[in-house]
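Open the model in your viewer and keep the selection tool at hand. This tour goes stop by stop.

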Amino acid sequence: MNITDEKSGDVVIARFEGSLDTRTASDAMSHLDALVEGGSSQIVVDFTSTDFVSSAGLRVLLATAKKLGATGWLRLFGLNPSVQEVFDVSGFSTIFSIFDDEASALSA
Amino acid sequence: MIAVQVLQLVPEADLLWVMTASVLVFLMQVGFLALEAGLTRSKNAINVAIKNMADFGISTLLFWVFGFGLMFGTTQGGWFGTDEFAVSFSEARAWPTVFFLFQVMFCGTAVTILSGAVAERLRFGAYMFLAVLVAGLTYPLFGHWAWNGLDIGESTGWLAQRGFVDFAGSTVVHSVGGWTALAVLLVIGARAGRFPDDGPPQKIVGSNLPMATLGALLLFVGWLGFNGGSTLSLGPSVGRVLANTVLAGSAGMVVAMAVGAKLVGRPEIDHVINGALGGLVAITANAHAVDSPAAFAIGAIGGVVVLGASHLLERFRIDDAVGAVPVHLAAGIWGTMATGIFGEFDLLGTGLGRMQQIGVQALGVGTAFVSVFCVTLAIVVVANRIRPFRVPPEAEEVGLNVSEHGATTELLDFFQVMDTQTKTGDLALRAPVEPFTEVGQIAARYNQMMETLETNDSELKEYHDHLEEQVESRTSDLRQANADLSAAQIEMAANEARFRSLFEDSPVSVWEEDYSRVRIALDEIIESGVTDLRAHFREHAGLAGEVGALIRVENINQATLDLYGAESKDQLLGSLEGLLGESSESELADQLAALAEGQLRYEAESVLYRLNGETGMAIVSVSIAPGAQESWSKVFVSVVDITDRQEAERLLGVALEQLESTDTIIERWTPDGRVVEMNQFGLDLFGFSADEVIGRDGSETFRSPDGGWEEERAALFANPGESVESETECRRSDGTPIWVAWRNSPILDEDNNIVAVISIGIDITERRDMEMQVKAAKERMEKELNVARDIQMSMVPLDFPAFPDREEFSIYAILEPAREVGGDFYDFFLIDHDHLCFTVGDVSDKGVPAALFMAVTKTLIKSHAASDLSPASIMTAANDELCENNESSMFVTIFLCILDLRTGEMVYTNAGHNPPYIKTSAGELITLDQRHGPVAGAIGGVAYGEDRLKLTAGDYVVMFTDGVTEAMSPNRELYSEDALETLLIDSGLDEPTQAVALVYDAIVDHQDGAEQSDDITVLSLEFKSSEEILAERLVIVMPNTLEGVGSALQQLDEFAGEEGIEDKVRRPVLLALDDLLNNVVSYAFPDGSDHEIEISVDVSAHRFAISVSDDGMPFNPFGLDLPDTTASIADRGIGGLGIHLVRTLMDEYRYERRGGRNVVTVAKYLDSGSTERESA
């Protein structure tokens, strides 16, 4: 998995490429941890190029969301139908803010 | 303190005695195990047993490390010991060693008392925690206060110093165990169903009361060591202690049994057991210090105390599974107090007065309450918050054997019940229904059947008895009726003869006369306007004589000749002229007027004019003959000479008597239906008077208009001369119906015309009622048979099409039961996605037992097939289990197949069943006539063989039972194998339903209306795909590491790409593999050792499936609770989420434990997209 960050004002956009699963979860975790520890409190994750997300991946997102707590936020966009289904089935779509595209994620 | 003791020499006999006593006390552990296991339900028996064993190990180790020191180490102010922890034993320390041995057994006893009370719902872990608490803290601490210094003959504990005496531990051991049990019981609550909200407490009966009793007796034996050894020396006091112990135990037993019997009306086993134990507990504190009468009293009261305490517990809804609290706590308190009450001062040796002693005993009891009960309660309440002590309700329902120890006995239990049922025929037994298992479902079904059977059975029995009674009484009734009938026939024949001989042989003078001309003359007179004939005759003297002269005498009998003094008949035949005298004119006038008014019978006294001129008196009776009422062409006149009146009356009496009969209706009636005569019995029976009946049509009085009377009459006249027998419904004067069996005999004239009918009838109302009841009862029995048949049919799959979404095969079967419930069955089910198991069988017997055997067979096959793909091995195992407990020597023939739906390979085994046929797509008929072993259920230990064969598309398998080949035509010819083979060869098969119908119709034709004698079962399967639809298969072997997971995902992803699997299938399957592997890698190998995980990937036209197999510890991931998917971020845990995703996203998922490996298979269905893939 490849993650590239992009700054948009105070917001960091992390673009995930590949799949977020057992293989890649720890890399993704340390990447997001580094962003949070580096002071980023507003993170948008771009899933446009993410193939699938397993429960290991959900764990990473949940941990990050918990770390950001009430002071910051984590937004997601570009979920393919398979990933969207995983979010729906797991109930994560009700606890994460999910957007159709980058523009709406940033402007919300 | 013990160091000092080393120097003292203890006699070897004492050492030997205390060691022996130790062994006896150890035996109590066995006793407790048997007692508690016997008093609890079998689903928890293993748990109870394990607890009793494990607590001994735990308490021994803890007591050695810690408890012994705390209890018997050098005291700190009488409160706790300070040395002797984890003591090491040596020859030099012989006494302390033996003393330890004895004490450690006591500690084990104190701990194990608890286990029975809390049985059937306490977690095993919680019990181990409690064992640690008792053995490590509460028992040794309290023991220190009462017993410290015991080993060197001193009393250094603070309680003992105040004079508290507890010889062998009524309080120290038993009450401590009892207080602990009570505290835990208050926290964990009653067992499910013990105290229903809406009803009285329910007794939960133990599984094995003889074993419980054995346990109680073992305890009794062990108690001899418990109390006897507490002397700590083999002195003269030992005998008294042992005798008192036996006495008190027996007193408790007998008194509790007697009082209990008085209260509940019968001696109950738990009263006997717990009464004995109560007596033993009570004497424990004082066996050394009381005399025999006191020992008896202490034991007897101990037994009563147990009963009272049991009652109190129930009242407060505290559920003590075995009565440990009443026995050990209540009787323990009593025994401790009894020491103060009955103890002999010199033997107690405390120097206290009676009241002081009682007071200090009470102090001991109170101390135990505070230091054990209160402390334990506080600890348990807190610990219970952290982790509940009680198992979840489902676990309690299933039983702790299964939930706590993974033991499963439900099949065994089920068989035990069925076995007992077979042996005893007791339909009230019910199989244990363990939920969520197939055996449980079968058991539930079995119970349902038994329920129906039991209800019906008692009704049936009643009906049966009733029927037998009816049949018996009906038989005797019929016999009686027959006897009556033949008597009546004889009588009737006599009557007929009488009527015939009346003429010739009658002692009475009889005349046969023709009045037709008289009739015409009278008609003319009446037509001329005369209304009062009598007055007319008076006015016209001589007219009556003129008319009378028209009478023609046709015939006379011998008595007439004698009466009138005639030589020959000719003298009297023809006209009456010569026989009339001066009074005849008025007599004739009277007679003719009466007949003209419609009377059929006229009787009067008249003067008798003999031929020689003498006169006398006679009764002349004139009757118009039946059939001659209009024409008067035949009239009978009888003349009885009453000149000698007495003789005349006698003769009349004889005539009447002949017509009377005590229990038969005798009726004479005319062809137009009018009753001429009926005997008194008939009149009484119908409740009419003679006036009401005689001269009127029978249908106006006793004959019901639609009671079959008309048909009877028609039959009679259709065949003149023949008697007609019939049963018709008649009625009494009050309208109530009465059934009569008639024999109607016609009386004919010379031209064979019926002139009268004599009917002889018997009242058959009662018999008729019984016949109706018998008929109704027969209908009921028929219905019961139907119920049993419905149950048989409910055990075979009946929903067709059976697998509508499977294109590889199609299957159909019928089972047409014979009139009685037979033992045929068939079954088919998918073992997994790729294997179909199908079978046909026939149990050797008929009726309900055969149906039960069939149910068991079918269940066995199905349960074995779940984890076994070899028909031979399934049959071998099923046969062995059928042979066990097969008291009734039934057996079953079975043909069993497993078909690999991917390849068409069919593996089969035949246990003595009719060989099935395969009709190939090429039209060839193959007989599967290999035999692989004997019929199942007959001989155990047989290894069955199997054969295999490959089906190609369009091949049909046709399986059947001998009800097909042995179907019988009306002239008892069998249908035969040859006929079936010819039928299958000659006919085209194009559907399993059609194939089955073809065979069945042929049998019905063959039977041609004959009754079906055996169950008929036909099963047909068509195999549809011959090409290997398994397109691709990939096997990945990986190490149990995260790197391995990565590599496996990579390989699967590439494979899916090559196969062109579309994203919406590929992504969820990748996700599923990731989560499944993650689970295995993280949890399957707790010791961190290296293992290989095998993944096999199958892609067929419709399905993308992966199987993950590992040799880690058994674990079913789909048995986990679902996560809460509605929680917020902060509350949200991640546990179980992966499995939840797999379950939701996959179309198939299942777990199996196969060959020591966990095998998890998941699959996602390919839809329209896959067709594109194939065409591409």
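The stops below cover the contact between the chains, then a salt bridge inside one chain, then the cavities. Keep in mind that this is a predicted model.

**Stop 1: the contact between the chains**

Show chain A and chain B in two colours. Select the residues in contact: 29 belong to chain B and 24 to chain A. Together the two chains bury about 2,200 Å². Carbon and sulfur atoms account for 62% of that area.

Now look for charged pairs. How many salt bridges cross the interface of chain B and chain A? The count is 2. To see a salt bridge between the chains, select Asp51(A) and Arg1066(B) and show their side chains. The N to O distance is 2.6 Å. Between chain B and chain A there are also 8 residue pairs in polar contact, with both residues at pLDDT 80 or more.

Stay on the chain B side. Select helix 34 (1042-1059), helix 35 and helix 36 (1137-1145) of chain B; each gives at least two residues to the side that touches chain A. Which of the elements supplies the largest share? Helix 35 of chain B does, with 10 residues. Colour this side of chain B by class: 13 residues are nonpolar, 8 are polar and 8 are charged.

**Stop 2: a salt bridge within chain B**

The whole structure holds 39 salt bridges over all chains. For one within chain B, select Arg768(B) and Glu727(B), whose side chains meet at 3.2 Å, N to O. Follow the backbone out from each partner. Arg768(B) lies in helix 28 (residues 765-794) of chain B, and Glu727(B) lies in strand 10 (residues 724-731) of chain B. The two are 41 residues apart, so this pair links distant parts of the chain.

**Stop 3: the cavities**

Rolling a probe the size of a water molecule over the atoms shows where empty space is left. Here the count is 7 cavities of 30 Å³ or more. Go to the largest, with a volume of about 150 Å³. Its lining has 14 residues, and the closest to its centre are Val1080(B), Asp1110(B), Phe1115(B), Pro1117(B) and Val1160(B).

Next, show the elements around this cavity. Helix 35 (1063-1084), strand 25 (1103-1110) and strand 27 (1157-1165) of chain B each contribute at least two lining residues. Helix 35 of chain B gives the largest share, 5 residues. Colour the lining by class to finish: 11 residues are nonpolar, 2 are polar and 1 is charged.

Methods. Residues are numbered from 1 along each chain as its sequence is written. Chains are lettered from A and ligands numbered from 1 in the order in which they are written. This is a predicted model: local features need pLDDT of at least 70, side-chain atom pairs count only at pLDDT 80 or more; totals for chains, interfaces and linings use all residues. Side-chain values use heavy atoms; hydrogens and water are left out. On a 1 Å grid over the protein atoms alone, a cavity is a set of points where a 1.4 Å probe fits but cannot get out, and a pocket is an open set with protein on both sides within 12 Å along at least five of seven lines; lining residues have an atom within 4 Å of a point. Grid points are joined across faces, edges and corners, and a volume is the space filled by probe spheres set on the points. Helices (H or I, at least four residues) and strands (E, at least two) are DSSP runs, numbered from the N terminus. Ala, Val, Leu, Ile, Met, Phe, Trp, Tyr, Cys and Pro count as nonpolar, Asp, Glu, Lys and Arg as charged, and the others, Gly among them, as polar. Contact means heavy atoms within 4.5 Å. Buried area is the accessible area (1.4 Å probe) that two parts lose on being put together, summed over both. A salt bridge is a side-chain nitrogen of Lys or Arg within 4 Å of a carboxyl oxygen of Asp or Glu. A polar contact is a pair of N or O atoms within 3.5 Å; within protein, one must be able to donate a hydrogen and the other to accept it, and residues adjacent in sequence count only if both atoms are side-chain atoms.
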